[in-house]
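Visitor: Could you walk me through this structure and explain the words you use along the way?
Guide: Gladly! Let us look at it together.

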Amino acid sequence: MPTEISTTDMQIFPKEEIIPGGQENSRAEFLAACPEGKRPGLYLHIPFCGSKCRYCNFFSVTGKQKIPAFLTSLYQEVLLQRRVFDSFDTLYIGGGTPSILTPLQLADLLSHLRQNFEFTEDAEVTLEVNPADIDVSFLEQIRLLGINRLNIGSQSFEDKILDFLGRRHSSNQALQAIMAARQAGFDNFGIDLIYGIPGQNRHSWKMTLEQVLSLKIPHLSCYQLTVEPDTPLGKACAQGLFKMPDNDELFEFFMETSEFLEDAGYCHYEVSNFALGACRISRHNSKYWQHIPYLGLGPAAHSFDGKKRWENVRSLDSYLLRLSRGERPVENCEILTEDELQLETLFLGFRTKAGIDLKSFSEKFGFDLWTKKKHALEPLLAAGHLKITAGRLQPTRTGMALADSLALL
């Protein structure tokens with residue numbers, strides 16, 4: 001593990017002077033797009049991995065050689081963005097594999113952020129970690145940095161499944177990472193799990209969930225395996241080397257997972273996410289589903305200001321080159337039309353247990369959703385996919401399973 005750093009080195013969230021942001025109209029619009037009492041979220045994409053998983057379609061590179069150059073460029077991007085975006089209440093450091101950074105590198109990174117952005121006192125600060133990278137010492141050090149939430153990429157507690165996915169950690173390391181998180185003082189953390197994997201049956205998946213209950217994991221993200229064409233797993237599937245479960249089996253996986261975890265006290269608050277109480281819901285990821293603005297830094301990171309969405313270049317070398325020239329590393333940008341914003345509001349809202357607030361929708365878009373879409377909504381209500389509770393149009397469990405199609409009213 002990396003060399004330890006002293007407690008003095010880690011005090012990077014003091015009450016210190018914040019470099020003022022600019023007064024551009026875009027900043028005012030960015031903040032105005034946030035609901036009352038909410039602030040935007042900040043996402044950092046750390047594009048380095050020790051190895052590439054067979055199913056992964058996120059942008060990343062293997063090896064550590066370019067980490068110093070990347071961090072220098074990231075700090076330059078912070079300087080370019082601070083005059084527009086300067087105040088956040090969540091920070092999510094994802095990737096890639098952010099735990100590939102040393103505590104010293106993380107301390108320097110967080111120090112730069114604190115010097116140029118303002119974070120609320122109760123900011124949620126999440127770090128994604130790979131079980132193969134961490135031990136109690138590492139976690140104790142990063143907790144002192146102000147990181148107060150972990151997302152552990154467990155994916156499975158079965159070695160044969162981890163091998164199939166191309167993960168570089170074992171089932172024992174996944175369990176050890178959970179115990180290390182608790183020993184280091186983290187009471188707010190989550191793990192990722194994947195279902196719908198060839199060779200995995202519903203009985204073995206239920207055993208995994210029972211193990212989760214015995215471990216009292218505060219937050220769970222249960223994802224259905226998606227086979228992307230350009231990944232090693234996608235190419236193997238195209239060659240007929242394995243067969244994916246059919247839609248009916250995947251539906252059963254979803255329904256049984258939701259029922260089992262809710263019966264055990266978890267709140268199924270988003271299609272793939274479960275929390276032991278409201279205080280364990282991911283505040284940062286909830287911004288995406290609630291259409292709250294967020295700023296993404298790093299290669300391939302996305303940003304949204306309430307009306308406009310943009311994406312950074314999906315290349316580490318291009319990212320480094322553009323920032324060395326003092327240029328923003330933006331590759332794609334789109335201004336969403338009113339119709340697109342409405343569709344996204346429905347699409348994202350129907351992914352969540354909270355659903356759509358009909359009054360807020362009417363105030364935002366200038367029409368009553370129930371009146372305009374009654375002909376499409378009534379059959380969905382009759383079929384038990386939607387319900388109306390206290391002025392909210394909410395998906396039922398079967399509705400969440402069909403969330404992507406519900407938005408096409």
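Visitor: Where does H385 lie?
Guide: This is a predicted model, and in it H385 sits in the loop between α15 (369–382) and β16 (386–389).

Visitor: What makes the pair of H385 and T398 a polar contact?
Guide: The cut-off for a polar contact between N or O atoms is 3.5 Å. The side chains of H385 and T398 are 3.3 Å apart, and they make a polar contact.

Visitor: Which residues does H385 touch, not counting residues up to four places away in sequence?
Guide: H385 touches L380, Q394, P395, T396, T398, G399, L402 and L406.

Visitor: Let us turn to helices. Why are α5 and α7 called oblique to each other?
Guide: The axes of α5 (residues 136–144) and α7 (residues 171–183) cross at roughly 45 degrees and come within 9 Å. Angles under 35 degrees count as roughly parallel, and 65 to 115 as roughly perpendicular. The angle of roughly 45 degrees fits neither range, so α5 and α7 are oblique to each other. The crossing of α5 past α7 is right-handed.

Visitor: Which residues in α5 and α7 meet?
Guide: From α5 come V136, L139 and E140, and they meet A177, A180, A181 and Q183 in α7. By class, this contact has 5 nonpolar, 1 polar and 1 charged residues.

Visitor: Why are α13 and α14 called roughly antiparallel?
Guide: The axes of α13 (residues 338–349) and α14 (residues 358–365) cross at roughly 170 degrees and come within 11 Å. Angles over 145 degrees count as roughly antiparallel, and α13 and α14 therefore earn that description. In α13, E338, L341, Q342, T345 and L346 meet F361, K364 and F365 in α14. The residues of this contact divide into 4 nonpolar, 2 polar and 2 charged.

Visitor: What makes α8 roughly parallel to α10?
Guide: Here the axes of α8 and α10 (residues 247–263) cross at roughly 25 degrees, coming within 11 Å. The limit for roughly parallel is under 35 degrees, so α8 counts as roughly parallel to α10. α8 passes α10 in a right-handed crossing.

Visitor: Which residues in α8 and α10 meet?
Guide: R202, W205, K206, L209, E210 and L213 in α8 meet E249, E252, F253, E256, T257, F260 and L261 in α10. This contact divides into 6 nonpolar, 1 polar and 6 charged residues.

Visitor: How many aromatic pairs does a search of the whole structure find?
Guide: The search finds 13 aromatic pairs. One of them joins F48 and F70, with ring centres 5.5 Å apart and planes at 75 degrees. Centres within 6.5 Å make a pair, and planes over 60 degrees apart count as edge-to-face, so F48 and F70 form an edge-to-face pair. F48 lies in β2 (residues 48–49) and F70 in α3 (residues 67–81), so the pair ties together parts that are 22 residues apart in sequence.

Visitor: What is notable about the phi of K216?
Guide: K216 has a positive phi of about 55 degrees, although K216 is not a glycine. Most residues other than glycine have a negative phi. K216 belongs to the loop between α8 (202–215) and β8 (219–224).

Visitor: Which kind of peptide bond joins G95 and G96?
Guide: The bond joining G95 and G96 is cis, with omega at about 25 degrees. Most peptide bonds are trans. G96 is found in the loop between β4 (87–95) and α4 (103–116).

Terms used
Residues are numbered from 1 along each chain as its sequence is written. This is a predicted model: local features need pLDDT of at least 70, side-chain atom pairs count only at pLDDT 80 or more; totals for chains, interfaces and linings use all residues. Side-chain values use heavy atoms; hydrogens and water are left out. Axes are lines fitted to C-alpha atoms, for helices over the stretch in contact, and angles run from 0 to 180 degrees between N-to-C directions. Helices (H or I, at least four residues) and strands (E, at least two) are DSSP runs, numbered from the N terminus. A crossing is left-handed if the near helix is turned anticlockwise from the far one by less than a right angle, and right-handed if clockwise. Contact means heavy atoms within 4.5 Å. Ala, Val, Leu, Ile, Met, Phe, Trp, Tyr, Cys and Pro count as nonpolar, Asp, Glu, Lys and Arg as charged, and the others, Gly among them, as polar. A polar contact is a pair of N or O atoms within 3.5 Å; within protein, one must be able to donate a hydrogen and the other to accept it, and residues adjacent in sequence count only if both atoms are side-chain atoms. Rings of Phe, Tyr and Trp (its six-membered ring) pair if their centres lie within 6.5 Å; planes under 30 degrees apart count as stacked, over 60 as edge-to-face and the rest as tilted.
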